Amino acid sequence: MGSRGANMLISRANRMKTKLQSVLEATTIELEDVSHQHAGHAAVKPNNVETHFNLKIVSPKFSGHTLVKRHRMVYDALADELQSGLHALSIVAKTPQEEEAASHR
């Protein structure tokens, strides 16, 4: 079996976490599969799973970048997943400093 076939055996969530960790050197990745909330929507085929996710990611690579640029960085890292069935991604992207400040509120 080729690497593409083997890759399909790993869940989309695990592949996403691996890619985000590798590319963005994330210190926190919280990924929630909310696909079940979208069952029956026109864009969701009956056999599709792992199509909708909520993501919280903290990365030092976000420092100095706008929120839009941070989201683009995430989308770029997950380009293969977006082409192969990932339909929607809600993103919260913070720097470690922003996360630290938020935890002290």
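Contact, throughout this talk, means heavy atoms within 4.5 Å. With that in hand, take His71: leaving out residues up to four places away in sequence, it touches Ile91 and Ala93.

Some ground rules. This is a predicted model, where local features need pLDDT of at least 70, side-chain atom pairs count only at pLDDT 80 or more, and totals for chains, interfaces and linings use all residues. Residues are numbered from 1 along each chain as its sequence is written, and side-chain values use heavy atoms, with hydrogens and water left out.

The overall picture, then. The protein chain has five helices and three strands. Both are DSSP runs numbered from the N terminus: helices are H or I with at least four residues, strands are E with at least two. Reading from the N terminus, the order is α-α-β-β-α-α-β-α.

How much of the chain is buried? Of its 105 residues, 31%. Buried means under 20% relative accessible area, exposed means over 50%, and partly exposed is in between, with a 1.4 Å probe and protein chains only. The accessible surface comes to about 6600 Å², and carbon and sulfur atoms own 52% of that. Those areas come from the Shrake-Rupley method with a 1.4 Å probe; for residues, only the protein chains shown count as cover.

Now contacts along the sequence. Take those between residues at least 6 apart in sequence: 67% of them join residues at least 24 apart.

Next, a helix pair. H2 covers 12-24, and H3 covers residues 67-77. How do H2 and H3 pack? At an angle of about 120 degrees, with their axes 9 Å apart. That makes H2 oblique to H3. The cut-offs: under 35 degrees is roughly parallel, over 145 roughly antiparallel, 65 to 115 roughly perpendicular, and the rest oblique. Axes here are lines fitted to C-alpha atoms, for helices over the stretch in contact, and angles run from 0 to 180 degrees between N-to-C directions.

The crossing of H2 and H3 is right-handed. That term applies if the near helix is turned clockwise from the far one by less than a right angle; anticlockwise would be left-handed.

Which residues meet there? From H2, Lys19, Leu20, Val23 and Leu24; from H3, Met73, Val74 and Ala77. By class, that contact has six nonpolar residues, no polar ones and one charged. Nonpolar covers Ala, Val, Leu, Ile, Met, Phe, Trp, Tyr, Cys and Pro; charged covers Asp, Glu, Lys and Arg; polar covers the others, Gly among them.

Back to His71. His71 lies in helix H3. Is it buried or exposed? His71 is buried, because its relative accessible area is 19%.

Just past H2 comes Glu25, in the loop between helix H2 and strand E1 (28-33). Phi of Glu25 is near 50 degrees, a positive value in a residue other than glycine. Glu25 is partly exposed, at 43% relative accessible area.

Inside E1 sits Ile29. At 21% relative accessibility, Ile29 counts as partly exposed. Setting aside residues up to four places away in sequence, Ile29 touches Lys17, Leu20, Gln21, Leu55, Lys56 and Ile57. Its C-alpha atom is 9.0 Å from that of Ser59, 30 residues apart along the chain.

Last stop, strand E3, residues 88-94, home of Ser90. Ser90 is partly exposed, with a relative accessible area of 40%. Which residues does Ser90 touch, not counting those up to four places away in sequence? Phe53, Asn54 and Leu55. The C-alpha atoms of Ser90 and Asn54 are separated by 4.7 Å, with their places 36 residues apart along the chain.
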